[in-house]
Amino acid sequence: QASIYLSRANWEKACTSYEKALAFMPDDPLVQELLGVSLLFCGKEKTKGRKLLEKAARKPSEDAVSPDMLASDILAGNVDIESVKPYFMHVDETRKSIEQKKEALLLSLKKYPKFRAALFQLAVLSLQLHQPKEAVAFLEQLHALDSDDISCEFYLAALYHERYNEPKAIEHFAFAEKIAKKQGYYPKQLSEMKVLLSCSN
């Protein structure tokens with residue numbers, strides 16, 4: 001319910017709902033992050049909001065190999081809170097809504113070119129719009145800023161493989177594999193990609 005309020009820009013109700021969720025999941029980094037963002041959107045309890053973002057940035061979700069970028073982007077000043085709002089815009093799977101969100105995020109990115117979370121989401125939106133070339137460009141921008149995000153490296157490896165650019169696919173797969181080994185967790189998708197790239201050589 002809280003995520004629905006957040007996507008509809010109903011910040012007050014989002015805060016109330018995430019507060020209730022936090023009571024049941026006080027150590028959940030995603031709840032901490034989303035409540036922190038909601039508090040900043042409301043323009044109240046900014047100190048509490050930032051403290052929650054700091055907790056979320058320090059401890060990623062248990063099933064995450066790389067930390068979530070949004071909290072650290074805000075804390076590092078890579079984006080201001082107003083420019084974060086398009087990140088949560090609702091998309092109803094129609095082309096028009098996807099394009100509207102993409103345009104809004106591009107404006108945020110123009111103002112804050114180091115907004116990593118926006119770059120990744122723009123790549124995903126581009127794929128939804130069947131624009132793989134644009135998706136690769138956004139992901140390469142993200143890679144240049146931060147080569148420690150396993151999702152970015154995995155997507156680049158997969159997209160380059162689809163475009164028959166095996167050297168680039170192998171290069172980005174190597175980044176993804178390095179991140180996974182560092183965290184001591186090797187996702188199934190990575191194993192499948194390794195087999196795929198081995199077979200294509």
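1. Buried here means under 20% relative accessible area. Y87 has a relative accessibility of 18%, so Y87 counts as buried. The model under discussion is a predicted one, and the values in this note are to be read with that in mind.

2. F88 falls under the same heading: its relative accessibility is 12%, and F88 therefore counts as buried. The rings of Y87 and F88 have centres 5.1 Å apart, with their planes at 75°. Planes over 60 degrees apart count as edge-to-face, so the Y87 and F88 pair is edge-to-face.

3. The count of aromatic pairs comes to 4. One of them is W11 with F41, whose ring centres lie 4.4 Å apart and whose planes stand at 45°, so this pair is tilted. The pair links distant parts of the chain, with the two positions 30 residues apart in sequence: W11 belongs to helix α2 (residues 11–24) and F41 to helix α3. W11 and F41 are both buried.

4. How do these rings group? W11, F41, Y87 and F88 make up one aromatic cluster. Burial applies to W11 and F41, to Y87 and to F88.

5. Helix α3, which carries F41, also packs against another helix. The axes of α3 (residues 29–42) and α5 (residues 69–76) come within 10 Å and cross at roughly 40°. That angle makes α3 oblique to α5. The crossing is left-handed.

6. Which residues make the contact of α3 with α5? On the α3 side they are E33, V37 and L40, and on the α5 side L70, A71 and I74. By class, the residues of this contact divide into 5 nonpolar, no polar and 1 charged. Glu counts as charged, so the charged member is E33 of α3.

7. A separate point concerns Q100, which sits in helix α7 (residues 95–111). With a relative accessible area of 40%, Q100 is partly exposed. That value lies between the limits of under 20% for buried and over 50% for exposed.

8. Q100 may also be placed relative to Y160. How far apart are Q100 and Y160 in sequence and in space? The separation is 60 residues along the sequence and 27 Å from C-alpha to C-alpha.

Definitions and conventions: Residues numbered from 1 in each chain as written. Predicted model: local features only at pLDDT ≥ 70, side-chain atom pairs only at ≥ 80, totals over all residues. Heavy atoms only, no water. Axes fitted to C-alpha atoms, helices over the stretch in contact; angles between N-to-C directions. Helix = DSSP H or I, 4+ residues; strand = E, 2+ residues; numbered from the N terminus. Parallel < 35°, antiparallel > 145°, perpendicular 65-115°, else oblique. Left-handed = near helix turned anticlockwise from the far one by under 90°. Contact = heavy atoms within 4.5 Å. Phe/Tyr/Trp six-rings, centres within 6.5 Å; stacked < 30°, edge-to-face > 60°. Buried < 20%, exposed > 50% of the residue type's maximum accessible area, 1.4 Å probe, protein only.
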